[in-house]
Amino acid sequence: MTMLSAEQAYGLLRKYRIKTVNHGLARTFQEVELLAENIGFPLVLKIDATQIVHKTDVGCVRVAYSYDMLEEVYKEVTNNAKKITKDVNGVLVQEFVRGLEAITGSAHDSQFGKVMMFGSGGVLTQIFKDVAFRLVPISKEDAENMIDETKVSQLLNYRGNNIDKSKIVDVLLKLNNLVQTENVKEMDINPLFLNNKGAFAADVRIVKLDS
Ligand code: ADP
Ligand code: MG
């Protein structure tokens, strides 16, 4: 089993045309500055290290609201990461996105085989337990039903939200192809940000089977 780096994982999302939040990977503070110039503030800085799975829990995800804060935030996340591992690939610099947070992904169930998952995401996803599962491969109808089974469906048009369900269905069907073609053991996208512009991956974890 191999856990992909962020670069490899985002590369696979790109290959399957799954949209991500605007981002780049920096290996030095200079590269962070360059990305900041292109993306604009506020920005999210997060560590890419295969040893660090739950980044928020260890202070490895921070928002920089302006240029003044950038170096301090960079130092903070890199220092927090160094306390845990020497093996840091870099710092992901992302556009700060607003929206509903969903989770989607795939896992291998010893009884049923490969399954797809969709539901309420974010750092509290384990507490909400609002997820639906289907066996792979899923149909368009399966994807629609998975969304409808969760509370996410009730929020799509709630209080000014105007989230296009077909854009979520599209992501689920693309993931369905990805997990079948790319020898994926398990993966998740959490959060998949949902807003009036569509669905955008902001955190991805992919574990491949060794072939
Ligand atoms: P981890 O799951 O490893 O803790 P995430 O990258 O999922 O790290 O970030 C944790 C939380 O931080 C997300 O659930 C979301 O609330 C927030 N967050 C992460 N990236 C962004 C972003 N680009 N824009 C806005 N909020 C973000
Ligand atoms: Mg996450």
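**Pocket lining, magnesium site and surroundings of Leu35**

The lining of the largest pocket comprises 26 nonpolar, 11 polar and 11 charged residues. In this predicted model, the volume of that pocket is about 1,200 Å³. A total of 48 residues line the largest pocket, and those nearest its centre are Lys55, Val123, Asn190, Pro191 and Asp203.

Two of these residues, Asn190 and Asp203, also coordinate the magnesium ion (ligand 2). The donors are O of Asn190 and OD of Asp203, at 2.1 to 2.2 Å from the ion. The pair links distant parts of the chain, with the two positions 13 residues apart in numbering: Asn190 belongs to strand β9 (residues 184-195), whereas Asp203 is placed in the loop between β10 (198-201) and β11 (204-208). The two coordinating residues were also examined for solvent accessibility. Asn190 has a relative accessible area of 14% and is therefore buried, the limit for this class being under 20%. Asp203, at 21% relative accessibility, counts as partly exposed.

A separate set of results concerns Leu35, a residue of helix α2 (residues 29-39). Leu35 has a relative accessible area of 17%, so this residue is classed as buried. When neighbours within four places in sequence are left aside, the contacts of Leu35 are with Gly24, Leu25, Ala26, Gly40 and Val93. Leu35 and Leu175 are 140 residues apart along the chain, and a distance of 28 Å separates their C-alpha atoms.

Conventions
Residues numbered from 1 in each chain as written. Chains lettered and ligands numbered in written order. Predicted model: local features only at pLDDT ≥ 70, side-chain atom pairs only at ≥ 80, totals over all residues. Heavy atoms only, no water. Donors = N, O, S within 2.8 Å, 3.2 Å for Na, K, Ca; no water. Helix = DSSP H or I, 4+ residues; strand = E, 2+ residues; numbered from the N terminus. Buried < 20%, exposed > 50% of the residue type's maximum accessible area, 1.4 Å probe, protein only. Contact = heavy atoms within 4.5 Å. 1 Å grid on protein atoms, 1.4 Å probe; cavity = no way out; pocket = protein on both sides within 12 Å on 5 of 7 lines; lining within 4 Å. Points joined across faces, edges and corners; volume = space filled by probe spheres on them. Nonpolar A, V, L, I, M, F, W, Y, C, P; charged D, E, K, R; others polar.
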